[in-house]
Number of protein chains: 2
Amino acid sequence: MFCHVPPRPRNAEATRAAILDAARERFARESYDDVGMRDIAGDVGVDAALVSRYFGSKEDLFTAVLDSCSNGSELMEGDRSEFGRRVAREVVFEPAKEGKLKGLLIMLRSVGSTKAMELVQRTGSERFFNPFAAWVGGEDAAVRARLASATIMGMAVSREITGGFDLSPAECERMVGRMAVILQDIIDG
Amino acid sequence: MFCHVPPRPRNAEATRAAILDAARERFARESYDDVGMRDIAGDVGVDAALVSRYFGSKEDLFTAVLDSCSNGSELMEGDRSEFGRRVAREVVFEPAKEGKLKGLLIMLRSVGSTKAMELVQRTGSERFFNPFAAWVGGEDAAVRARLASATIMGMAVSREITGGFDLSPAECERMVGRMAVILQDIIDG
DNA sequence: GCCGGTAGTCAACGCCCGGTGACTTAATGG
DNA sequence: CCATTAAGTCACCGGGCGTTGACTACCGGC
């Protein structure tokens with residue numbers, strides 16, 4: 001006992017990146033308000049002061065996280081005709097851990113803090129919705145893109161609120177099936 | 001100046017009810033964390049201490065608000081064949097003020113605070129989903145009910161995140177149309 | 001007309017948060 | 001091998017929160 005953990009090698013850039021990663025992870029799992037600077041710092045194994053030093057304010061860190069998130073492009077890669085099935089499966093079954101939808105998760109977790117939502121609103125449109133709408137294409141692309149993303153987020157929220165879906169695995173499977181159809185229809189027009 | 005507002009007549013029951021109303025209103029507009037006891041008290045025109053006195057803790061007040069919310073039964077009243085159109089219109093256009101979906105709004109705003117979500121999870125299922133599923137009826141009622149409510153909440157979240165939808169009125173109208181179809185299809189099976 | 005109890009207020013407490021400046025420690029170049 | 005400088009820590013501040021106990025003002029009954 002009293003054995004010290006080996007101190008992290010002194011490397012500002014790596015530490016900064018580690019902090020950013022930890023913050024992204026935290027913000028994807030908990031809301032803006034629930035995540036504390038001390039939590040993030042603790043994940044990395046540094047002092048909370050360092051986080052402030054590197055990223056300025058908490059809001060600055062949050063926007064940095066948003067910027068560092070993939071702009072949802074994973075949604076659009078892969079076979080387009082499989083879009084519904086693929087996304088439905090991910091949003092229903094993915095344990096929110098290694099999911100590709102981290103950016104989306106962070107966005108919906110920001111429903112709550114007024115500050116976080118302002119920041120999300122600023123980046124959300126151009127970084128996510130507009131590219132997505134462009135990919136969706138066709139008649140009323142903006143409307144259909146918004147409809148699709150709303151449906152996806154709705155499922156995520158619903159899972160959050162009920163803690164899982166409290167449905168049987170078989171029911172979940174059928175839900176995925178139904179949702180896949182809905183999403184695919186939206187995408188196809 | 002120095003004119004005092006007429007003091008509210010001393011009536012414990014009425015004051016208690018007023019506090020509950022104000023709290024419900026607040027929790028429907030802002031997240032659990034963003035709403036302060038002092039805010040609620042201020043809305044009613046009483047001291048924050050009184051809120052604590054009447055309802056115990058903030059969590060107790062929140063659960064009292066949840067209990068006081070209509071269990072979403074407004075969703076189910078009215079012509080069933082008009083369900084999709086009616087709900088879609090409400091969730092897209094309703095300024096979240098006098099909407100019938102206040103309970104739903106509060107639920108989705110609780111995505112954030114860990115504490116609030118626990119409380120919502122406790123009451124959400126039996127008070128909202130189960131009756132709704134019963135009303136939906138038919139094959140896979142639970143799945144379809146969850147799908148419908150997820151869709152509705154998704155739209156609400158989406159509106160929150162983007163602050164309105166940043167779509168033109170005409171586009172909003174078309175979105176309502178599309179969403180109405182989706183919802184109606186879910187309900188009809 | 002006073003008086004007891006209840007409705008409501010006031011001031012304060014303890015807590016936790018984000019943020020800052022002074023300090024310590026480790027790596028690096030000569 | 002040491003000086004310098006960057007990397008990281010520590011103690012602490014100010015502020016806002018929920019909550020509490022002591023206080024005040026009102027009102028119905030004698």
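Let us start at the DNA: a phosphate oxygen of DNA strand C sits 2.8 Å from an N or O atom in the side chain of Tyr54(B). A polar contact here is a pair of N or O atoms within 3.5 Å; within protein, one must be able to donate a hydrogen and the other to accept it, and residues adjacent in sequence count only if both atoms are side-chain atoms. This is a predicted model, in which local features need pLDDT of at least 70 and side-chain atom pairs count only at pLDDT 80 or more, while totals for chains, interfaces and linings use all residues. Side-chain values use heavy atoms, with hydrogens and water left out.

Thr15(B) also reaches the backbone of the strand, with a polar side-chain atom 3.0 Å from a phosphate oxygen of DNA strand C. Arg10(A), by contrast, places a polar side-chain atom 2.9 Å from a base oxygen of DNA strand C. The elements giving two or more residues to the surface near this strand are α2 (37-44) and α3 (48-55) of chain A, together with α1 (12-29) and α3 (48-55) of chain B. Helices are DSSP runs (H or I, at least four residues), numbered from the N terminus.

Altogether, 22 residues surround DNA strand C, with Arg38(A), Ser57(A), Lys58(A), Asp47(B) and Tyr54(B) the closest; a residue is near the strand if one of its heavy atoms lies within 4 Å of it. Of the strand atoms within 4 Å of the protein, 51% belong to sugar or phosphate and the rest to bases.

Now turn to how the protein chains pair up. Chain A can be laid on chain B by a turn of 180° and a shift of 0.0 Å along the axis, with an RMSD of 0.1 Å (least squares on the C-alpha atoms of residues with pLDDT of at least 70 in both). The two copies are therefore related as by a two-fold rotation axis. Within chain A, Gly154(A) comes closest to that axis, its C-alpha lying at 1.7 Å.

At the interface, 43 residues of chain A are in contact with 43 residues of chain B, where contact means heavy atoms within 4.5 Å. The copies meet through the same surface, because 100% of the interface residues of chain A are also interface residues in chain B.

There are 4 salt bridges between chain A and chain B, each a side-chain nitrogen of Lys or Arg within 4 Å of a carboxyl oxygen of Asp or Glu. One of them joins Arg174(B) to Asp140(A), with the closest N and O atoms 2.5 Å apart. On the side of chain A that touches chain B, α9(A) gives the most, with 14 residues.

Conventions. Residues numbered from 1 in each chain as written. Chains lettered and ligands numbered in written order.
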